[in-house]
Amino acid sequence: MLETKNAQQQDSDPSLRYSDDQVAWLKKARAFADSIPIEDVIKSDVENSFRRDLFERACQEGMGALPFPTTYGGTGGDYVSFALVNEEFARRCVPIMSSLGVHVLCQEPVFRFGTEEQKKKYLVPSATGKYLAAFGLTEPNAGSDTAALETTAKLDSKGKNYILNGTKTFITSGGSADYYIVMAKVTGDAHKPFPSPREEGGKVDTITAFIVERGFPGFSIGQKFDMLGMRGYSTCELVFNDCKVPVEATLGDPGAGRKVALSSLAKGRVTIAAQATGWAQGALDGLIKVLRDEKSKGMFDESLNGLASVVGDLVTQVESARVLTYQAAGAVDNGDTDVTVASMAKTTATDAAMKVSTEAISVISSLGLQPELLLERIFRDSKAGQIYEGTNQIQRMLIARTLLR
Ligand SMILES: Cc1cc2nc3c(=O)[nH]c(=O)nc-3n(C[C@H](O)[C@H](O)[C@H](O)COP(=O)(O)OP(=O)(O)OC[C@H]3O[C@@H](n4cnc5c(N)ncnc54)[C@H](O)[C@@H]3O)c2cc1C
């Protein structure tokens with residue numbers, strides 16, 4: 001799938017690297033990204049406001065359920081194509097980029113673990129953009145350590161509803177979503193009806209996944225976060241106060257919540273890697289634009305006044321991130337169950353985005369702080385990229401652990 005050509009050839013002609021369908025998605029995503037005025041990109045960041053209209057437009061163009069089969073409204077594309085869409089969106093900081101990535105992340109467990117009714121109910125409207133989805137795993141006292149979840153789910157006396165209590169935090173699209181994939185610990189005697197309790201370390205694992213609709217009684221949106229980076233994605237707390245969730249809204253087997261969550265996040269990491277590759281490329285684009293302009297004014301000699309090796313290093317970092325990212329996306333398409341490459345891609349690409357944006361701002365100095373160049377935005381977003389969907393420190397531990405197993 002990925003032919004080995006030299007980087008310059010690949011850059012000038014994507015058909016040397018990707019299939020016709022993949023190139024078509026790349027071009028479609030690039031046209032979409034370029035069609036959004038830079039003022040709109042900046043406004044969403046400054047006002048920390050989500051562009052639902054753009055999300056719906058992307059869905060109507062087939063990007064809302066790109067890697068899912070047409071049976072449930074998906075587009076039937078591959079993961080490499082979805083990665084290309086994410087890379088192009090990130091390159092220009094399209095204000096819906098992160099929400100779209102999480103939206104697809106949430107469809108993954110419904111597609112893999114959902115009942116036929118759940119698939120029909122949630123996947124089809126997710127594909128059209130009628131529904132936006134969010135993923136609720138992190139809690140105030142449970143980030144990297146997913147086993148520490150404190151949100152509880154208890155079956156009511158009639159056995160018809162689970163009653164959820166707790167808070168989820170830093171949830172992308174939290175304030176705007178229509179449904180949420182939520183992980184909670186089943187408490188009390190409620191785990192007894194489990195068909196086959198999952199044993200882990202001699203203990204029954206009670207973490208269970210649920211599909212919680214925005215309108216369920218006892219559910220509300222908490223604090224909206226006004227963060228340094230990743231602004232405009234409606235990142236909020238989710239509050240469950242005796243929230244009534246019908247038993248039919250359990251996603252996957254009771255007690256299998258960690259499997260549901262972590263297997264989806266493994267693919268999600270490829271999406272983040274693609275986004276970070278786009279950030280790194282976007283930062284490089286901003287730097288090159290300024291350097292070309294200054295060179296045309298005779299401000300540089302052939303060595304870019306000694307900066308050429310810095311620029312060469314940054315270009316290499318972007319390309320390294322891209323190669324690992326598409327290796328990881330290709331592995332998903334090939335059904336490879338080794339998720340280590342996804343962790344490597346996520347870590348490499350987010351670190352590259354951080355490094356390229358930091359160095360680019362250093363090189364062009366105060367010009368790099370102008371929002372129109374997107375460098376300062378990418379600098380802020382990359383920091384968040386190193387943290388979410390599993391911090392880079394945790395990814396490195398996962399990679400090492402696999403080797404030592
Ligand atoms: C912009 C943004 C969007 C997000 N969106 C979502 C979302 O949609 N859904 C969701 O569920 N969550 C979301 N999150 C939360 C995110 O996934 C968590 O922040 C992340 O998993 C880290 O958890 P934490 O912040 O609690 O840090 P902690 O887990 O407390 O970690 C703090 C530090 O300690 C390190 N550390 C932790 N444990 C270990 C260990 N065992 N060994 C070595 N080092 C360790 C970490 O690497 C980190 O550096 C989002 C976060 C951000 C910033």
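Here are some exercises with worked solutions on this predicted model.

**Exercise 1. Find the domains and describe where domain 1 meets domain 3.**

Start with the division of the chain: domain 1 covers 7-132, domain 2 covers 134-259 and domain 3 covers 261-404. Next, take the centres of domain 1 and domain 3 over their C-alpha atoms; they are 19 Å apart. Now look at the contacts, where 22 residues of domain 1 meet 25 residues of domain 3. On the domain 1 side, α3 (38-47), α5 (79-91) and α6 each give two or more residues. The largest share there, 9 residues, belongs to α5. Finally, sort this side of domain 1 by chemistry: 13 residues are nonpolar, 2 are polar and 7 are charged.

**Exercise 2. Work out which parts of the protein surround the ligand.**

Begin by counting: the ligand has 21 residues around it, and T138, G143, S144, T391 and Q393 are the closest. Then assign the shell to elements. β1 (133-136), β3 (161-171) and α12 (392-404) each supply at least two residues, and α12 gives the largest share, with 3 residues. At the level of domains, domain 2 and domain 3 each contribute at least three residues to the shell. Last comes the chemistry, with 11 nonpolar residues, 9 polar ones and 1 charged one.

**Exercise 3. Check the length of helix α7 and find what covers its buried residues.**

First, the length. Helix α7 runs over residues 116-128, and its 13 residues at 1.5 Å a residue should span 18 Å; the end C-alpha atoms are 18 Å apart, so the two values agree. Second, pick out the buried positions, which are Y122, L123, S126 and A127. Third, look at what lies over them: the cover includes α4 (52-60), α6 (97-113), β1, β4 (179-186) and β7 (207-213). To finish, step past the helix to G129, which follows α7 and has a positive phi near 95°.

**Exercise 4. Explore the largest nonpolar core and the surroundings of A280.**

The core holds 113 residues, and F210, V270, A280, A283 and A353 have the most contacts inside it. Helix α8 (residues 257-296) provides the largest share of this core, 14 residues. Now zoom in on A280. Setting aside residues up to four places away in sequence, A280 touches Q317, V318, A321, A349, A352, A353 and V356.

**Exercise 5. Is A33 buried or exposed, and which residues does A33 contact?**

Place the residue first: A33 sits in helix α2 (residues 20-34). A33 has 21 C-beta neighbours inside 10 Å, so A33 counts as buried. Beyond its neighbours within four places in sequence, A33 is in contact with E88, F89, R91, R92 and V94. For a view across the chain, try V315: A33 and V315 are 282 residues apart in sequence, and their C-alpha atoms are separated by 22 Å.

**Exercise 6. Look at two residues other than glycine with positive phi, F170 and M230.**

Take F170 to begin with. Phi of F170 is near 55°, and F170 lies in strand β3. F170 is counted as buried because 21 C-beta neighbours fall inside 10 Å.

Turn to M230. Phi of M230 is near 50°, and M230 lies in the loop between β8 (219-224) and β9 (236-246). M230 is buried as well, since 23 other C-beta atoms lie within 10 Å.

Terms used:
Residues are numbered from 1 along each chain as its sequence is written. This is a predicted model: local features need pLDDT of at least 70, side-chain atom pairs count only at pLDDT 80 or more; totals for chains, interfaces and linings use all residues. A residue is near a molecule or strand if its C-beta atom, placed from the backbone, lies within 6 Å of it. Helices (H or I, at least four residues) and strands (E, at least two) are DSSP runs, numbered from the N terminus. Ala, Val, Leu, Ile, Met, Phe, Trp, Tyr, Cys and Pro count as nonpolar, Asp, Glu, Lys and Arg as charged, and the others, Gly among them, as polar. Domain bounds come from an automatic or database domain assignment. A nonpolar core is a set of buried Ala, Val, Leu, Ile, Met, Phe, Trp, Tyr and Cys residues joined through C-beta atoms within 7 Å. A residue is buried if 20 or more other C-beta atoms lie within 10 Å of its own, exposed if 12 or fewer, and partly exposed in between; C-beta atoms are placed from the backbone. Two residues are in contact if their C-beta atoms, placed from the backbone, lie within 7 Å. The expected span of a helix is 1.5 Å times one less than its number of residues.
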